[in-house]
Amino acid sequence: KKPSLLSGKKVLVSAGPTQETIDPVRYFTNRSSGKMGFALAEAAAEFGAEVTLVAGPTNEKINSPLVKRVDVTSAEDMYKAMHTYFEESDIVIKAAAVADYRPKVVYDQKVKKKEGNWVIEMERTKDILQSLGEKKTRQFLVGFAAETVNPIEYGKAKLKKKNLDAIVVNNVAQEGAGFQSDTNIVTYVNEKREKQLPLAPKKEIARQLFRLIIQDMKDESL
Ligand code: PMT
């Protein structure tokens, strides 16, 4: 029998894209499938944690009875759900790809097509990770970074700025990494280490990430 590395711990994971409404039939979204976040939720449950999975619109399914799934649609919904479960959590991982912008005006009726271009003004959404970093007490807070240029450097800057305990950087320009694929290639970064995890199924990457997180949490409590 496997040792239960996370028994007694509460883990909060965000997964998938968000959808930002334009009108009743249109929205903006991104290419996140939810696979990375769902793999993290499953791995945490496998290690014996009590898991809450806040999921944007995705086709992924979760089977474990140890995972409580909370479905959300927009970045604003995700913000609220993450803050609802943050306080009680020990480990919080943000694998979701949250929209940075949303339409400033949301139409109640379908917008009719007409001659010429349609310009949609976009406004910033709240930065969920930043707001959790500001609120953090005992939680071990982990962000993800999807970058194509200088990913490690950019990840390190984000780690500091958002008051994170670790950041998982995926270079989404690499084959087999990032959005939609069943595999990923990541680097786990914080002040103590910069650990590269080579190409592997997202579930296996998730297990390795929890091993690193548990190690770092132990070190902190010495
Ligand atoms: O879902 P998959 O298809 O399996 O793909 C996985 C993934 C590539 C989406 C995932 O591994 C990943 O990298 N997720 C983060 C993607 C992302 O949006 O990165 P970012 O650099 O834009 O954001 C950095 C961090 O801030 C993320 O933890 C994000 O959740 C968070 N964020 C971003 C914007 C915002 N308004 N609020 C946030 O909390």
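This briefing covers the sheet, the helices around it and two loop residues. The model is predicted. Its eight-stranded open sheet has mixed pairing. Helix H1 packs on that sheet and also meets helix H5. Helices H2 and H3 form another helix pair.

**The sheet as a whole**

- The strand order is E5-E4-E1-E6-E9-E10-E11-E12.
- Strand E5 (67–71) and strand E12 (194–201) stand at the edges. Each has a single partner strand, so one side of each is left without a neighbour in the sheet.
- From one strand to the next, the twist averages 20°.
- H1 packs on the sheet, where it touches strand E1 (10–15), strand E4 (50–55), E5, strand E6 (91–94) and E11. The direction of H1 makes about 165° with that of E1.

**Strand E10 and its neighbours**

- Strand E10 spans residues 166–171 and is mostly covered. Five of its six residues are buried.
- On one side, E10 runs parallel to strand E9 (residues 140–147), and six bridges join the two. Glu147 has Asn171 in E10 as its bridge partner.
- The link between these strands includes helix H4 (residues 151–161). E9, H4 and E10 together make a right-handed β-α-β unit.
- E10 also pairs with strand E11 (residues 183–189), here in the antiparallel sense over four bridges. Asn170 has Val186 in E11 as its bridge partner.

**From E11 to the edge strand E12**

- E11 and E12 are antiparallel partners, with six bridges between them.
- Four residues make the hairpin connection from E11 to E12.
- Val186 is bridged to Leu197 in E12. Val186 is also the partner of Asn170.
- Asn184 stands opposite Ala200 in E12.
- In a regular strand, side chains alternate between the two faces of the sheet.

**Helix pair H1 and H5**

- H1 covers residues 35–46 and H5 covers residues 202–220. Their axes come within 8 Å and cross at roughly 55°.
- That angle makes H1 oblique to H5, because it is neither under 35 degrees nor in the range 65 to 115.
- The crossing of H1 and H5 is right-handed.
- From H1, the contact uses Lys35, Met36, Ala39, Leu40, Glu42, Ala43 and Ala44. From H5, it uses Lys202, Lys203, Ala206, Arg207 and Phe210.

**Helix pair H2 and H3**

- H2 covers residues 75–86 and H3 covers residues 128–135. Their axes come within 10 Å and cross at roughly 25°.
- H2 is therefore roughly parallel to H3, as the angle is under 35 degrees.
- H2 and H3 cross in the right-handed sense.
- Met78, Tyr79, Met82 and Phe86 of H2 make the contact with Ile128, Leu132 and Lys135 of H3.

**Loop residues with positive phi**

- Asn163 lies in the loop between H4 and E10. Its phi is near 60°, a positive value in a residue other than glycine.
- Asn163 has 15 other C-beta atoms within 10 Å, so it counts as partly exposed.
- Gln180 lies in the loop between E10 and E11. Its phi is near 70°, again positive in a residue other than glycine.
- Gln180 has 11 other C-beta atoms within 10 Å. Gln180 is exposed because the cut-off for that class is 12 or fewer.

Conventions:
Residues numbered from 1 in each chain as written. Predicted model: local features only at pLDDT ≥ 70, side-chain atom pairs only at ≥ 80, totals over all residues. Buried ≥ 20, exposed ≤ 12 C-beta atoms within 10 Å, placed from the backbone. Pairing = 2+ DSSP bridges. Right-handed = clockwise from strand over helix to strand, strands pointing away. Axes fitted to C-alpha atoms, helices over the stretch in contact; angles between N-to-C directions. Parallel < 35°, antiparallel > 145°, perpendicular 65-115°, else oblique. Left-handed = near helix turned anticlockwise from the far one by under 90°. Contact = placed C-beta atoms within 7 Å.
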